[in-house]
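Please open the model in your viewer and keep the sequence panel beside it. The tour begins with the whole chain and then moves along it, one selection at a time.

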Amino acid sequence: MMPNVRTTVTLDPDVEALLKRVMRERGLSFKEAVNSSIRAGIGKRPGKSFRTPTFDMGEPLVDLTKALRLAGELEDEDLARRLAARK
């Protein structure tokens, strides 16, 4: 087993906040929080890959090659309707 090693590490502010939270929640010292966090991060093995189910929805009802133009037109219609309702 390797002997204890002392070193200086500069932590980003977000990492420091995470460590302080771990220390507070688990009642750990700074050294214990750093070591357990490093072990947990290094020890992670890739899990089972996530698969999202897919479904065939058939042919699209609108021409998707002009989807941005269609979205713009719908947005313009909605804006015009809201402005007309204000009057």
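Begin with the protein chain as a whole, which has a radius of gyration of 27 Å, whereas a compact globule of 87 residues would have one near 12 Å. Bear in mind while looking that this is a predicted model. If you turn the view along the principal axes, the C-alpha atoms of the protein chain fill a box of roughly 70 × 40 × 25 Å.

Next, colour the chain by secondary structure, and you should find 3 helices and 0 strands, arranged along the sequence in the pattern α-α-α.

Now switch on the surface. How much area does the protein chain expose? The figure is about 9,100 Å², and carbon and sulfur atoms supply 58% of it. Of the 87 residues, 3% count as buried, a label that is kept for residues with under 20% relative accessible area. Colouring by charge brings out 17 positive and 13 negative side chains, and the centres of these two sets lie 12 Å apart.

Then select residues 13-26, which form helix α1. This helix has 14 residues and reaches 20 Å from its first C-alpha to its last, close to the 20 Å expected at 1.5 Å a residue. Just after α1, move on to Gly 27, where the backbone takes a positive phi of about 65 degrees.

One step further on, select Leu 28, which lies in the loop between α1 and α2, the latter being residues 30-43. Is Leu 28 buried or exposed? Neither word fits, because its relative accessibility is 24% and Leu 28 therefore counts as partly exposed. Show its surroundings as well: leaving aside residues up to four places away in sequence, Leu 28 touches Val 22, Met 23, Ala 33 and Ser 36.

Beside it in the sequence, Ser 29 is also found in the loop between α1 and α2. With a relative accessible area of 34%, Ser 29 is partly exposed. Draw a distance from Ser 29 to Leu 19, C-alpha to C-alpha, and the viewer should give 9.8 Å for two residues that are 10 apart in sequence.

For the last stop, go to Asp 63, in the loop between α2 and α3, where α3 covers residues 67-86. Asp 63 counts as partly exposed, at 44% relative accessibility. A second distance, drawn from Asp 63 to Thr 8, joins residues that are 55 apart in sequence and 60 Å apart in space, again C-alpha to C-alpha.

Methods
Residues are numbered from 1 along each chain as its sequence is written. This is a predicted model: local features need pLDDT of at least 70, side-chain atom pairs count only at pLDDT 80 or more; totals for chains, interfaces and linings use all residues. Side-chain values use heavy atoms; hydrogens and water are left out. Helices (H or I, at least four residues) and strands (E, at least two) are DSSP runs, numbered from the N terminus. The expected span of a helix is 1.5 Å times one less than its number of residues. Buried means under 20% relative accessible area, exposed over 50%, partly exposed in between (1.4 Å probe, protein chains only). Contact means heavy atoms within 4.5 Å. The radius of gyration is taken over C-alpha atoms; the globule rule is 2.2 Å times the number of residues to the power 0.38. Accessible areas come from the Shrake-Rupley method with a 1.4 Å probe; for residues, only the protein chains shown count as cover. Lys and Arg count as positive and Asp and Glu as negative; His and the chain ends are not counted. The place of a charge is taken as NZ of Lys, CZ of Arg, CG of Asp or CD of Glu.
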